Each structure stands twice: as C-alpha cells, then as structure tokens.
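Welcome, and please have your viewer open with the chain shown as a cartoon. We will go from stop to stop, selecting residues as we go.

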Amino acid sequence: MPADVSEHTAEIRGVNVRWVSVTVGGRTVEEVLLYDVAEAEAVYGKPLDDELDKHIQMGMYAVDRIAVGGALHKVASATSYVLDGKCIRTAKFEQRNE
C-alpha cells in the first residue's frame, strides 16, 4: 500500500511551525513536527524549556486534530530533540479502527 506524504505550515501560538504527515491506507501513521528554537524563545521571551515546548506542541496537535476532522490517534512511540536550532518531534501512531 503506497504512503501519502503531506506537508503543512502555520503560525501556531505565535511561532511558525511545519509538520509532515505520513498516511497509509487513509490513516496517519507518523508525524514530524518542527519549529525554530530561537523564534520560540524570542516570541515568549524565555529560553526553551519543557513547559514552553509542551505549550507549542499542544497547539500543533490541536491544529492537526482539527485539520483531520477531530480524529485522535494513540501514539505508539515518540521522540523529541533539538538539531541545528530546530525542535523536532516525531510521533508514530498505532493503526486503529475508529
């Protein structure tokens, strides 16, 4: 079954974010979310920490849920790291019948 890859960009909670969704058989199986750490720190006036990261992350996931009609997915695994000044989150989702 072929995978469909789509890319989205938006300003979320004052920060420009980008996310890439991988869909197989009509279901999202993986998402990669990215934002610039320096931009987030400038917008919020403080260094990146877990609280700030979670605030931005929750905004990204809320927008994505709205974009896909309110569907929720169970996360099977997730990683988060900062590379070259970008905060990158990767989440893989379980396949479920809803």
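Which residues make up the largest nonpolar core? Select Ile12, Val15, Val17, Trp19, Leu33, Tyr35, Val37, Ala40, Leu52, Ile56, Met60 and Cys87, and you have the full set of 12. Helices H1 (37-44) and H2 (50-67) each supply at least two residues of this core, and so do S2 and S3. In soluble globular proteins, nonpolar side chains tend to be buried together. Please keep in mind throughout that this is a predicted model.

**The overall layout**

Now step back to the whole cartoon. You should find two helices and five strands, and following the chain from its start gives the order β-β-β-α-α-β-β. Of the 98 residues, 31% are buried. If you turn on a surface, its accessible area is about 6,000 Å², with 52% belonging to carbon and sulfur atoms. Among contacts with a separation of 6 or more, 46% are between residues 24 or more positions apart.

**A closer look inside the core**

Return to the core and pick Val15, one of its members. Setting aside neighbours within four places in sequence, Val15 is in contact with Ala10, Tyr35, Glu39, Ala40, Val43, Tyr44 and Ile56.

Next, select Asp53, which sits in helix H2. Is Asp53 buried or exposed? With a relative accessibility of 8%, Asp53 counts as buried, because the cut-off for that class is under 20%. Show what surrounds Asp53: beyond residues up to four places away in sequence, Asp53 touches Tyr35, Leu48, Ser80, Cys87 and Arg89. Tyr35 and Cys87 should still be highlighted, as both are on the core list.

**Along the strands**

Colour S2 and S3 next. These strands run antiparallel and are joined by eight bridges. For one place to look across the pair, select Val20, which stands opposite Val32 in S3. S2 and S3 form a hairpin with two residues between them. In that turn, click on Gly25, where phi is positive at about 60°.

From S3, move over to S5. How many bridges join S3 to S5? There are seven, and these strands also run antiparallel. Here the residue to select is Glu31, with Ala91 of S5 opposite.

Strand S1 is worth a visit too, and Asp4 is found there. Asp4 is partly exposed, with a relative accessible area of 48%. Leaving out neighbours within four places in sequence, its contacts are Ser21, Val22 and Thr23. Draw a C-alpha to C-alpha distance from Asp4 to Arg27 and it should read 9.7 Å, for two residues that are 23 apart in sequence.

**The charged pairs**

Switch on side chains for the acidic and basic residues. Side chains of opposite charge can pair when their charged atoms come close. The count here comes to four salt bridges, and we will call at some of them.

- Select Glu7 and Arg18, whose side chains meet in a salt bridge at 3.3 Å, N to O. Glu7 is in strand S1 (residues 3-12) and Arg18 in strand S2 (residues 15-24), so the pair links parts of the chain that are 11 residues apart. Arg18 counts as partly exposed, at 35% relative accessibility.
- Select Asp36 and Lys86, where the N to O distance is 3.5 Å. This salt bridge ties strand S3 (residues 27-36) to strand S5 (residues 86-93), across 50 residues of sequence. Asp36 is partly exposed at 24% relative accessibility, and Lys86 is partly exposed at 34%.
- Select Lys46 and Asp49, whose salt bridge spans 3.4 Å, N to O. Lys46 is partly exposed, with a relative accessible area of 29%, and Asp49 is partly exposed as well, at 33%.

**Last stop: a loop glycine**

Where is Gly85? Look in the loop between strand S4 (75-83) and S5. Gly85 is partly exposed, with a relative accessible area of 33%. Apart from residues up to four places away in sequence, Gly85 touches Tyr35, Asp36, Val37 and Ala38. Asp36 is familiar from the salt bridge with Lys86, while Tyr35 and Val37 belong to the core where the tour began. To finish, draw a C-alpha distance from Gly85 to Glu39: it comes to 9.5 Å, for residues 46 apart along the chain.

Note on methods
Residues are numbered from 1 along each chain as its sequence is written. This is a predicted model: local features need pLDDT of at least 70, side-chain atom pairs count only at pLDDT 80 or more; totals for chains, interfaces and linings use all residues. Side-chain values use heavy atoms; hydrogens and water are left out. Helices (H or I, at least four residues) and strands (E, at least two) are DSSP runs, numbered from the N terminus. Buried means under 20% relative accessible area, exposed over 50%, partly exposed in between (1.4 Å probe, protein chains only). Contact means heavy atoms within 4.5 Å. Accessible areas come from the Shrake-Rupley method with a 1.4 Å probe; for residues, only the protein chains shown count as cover. A nonpolar core is a set of buried Ala, Val, Leu, Ile, Met, Phe, Trp, Tyr and Cys residues joined through side-chain atoms within 4.5 Å. Two strands pair if DSSP finds at least two bridges between them.
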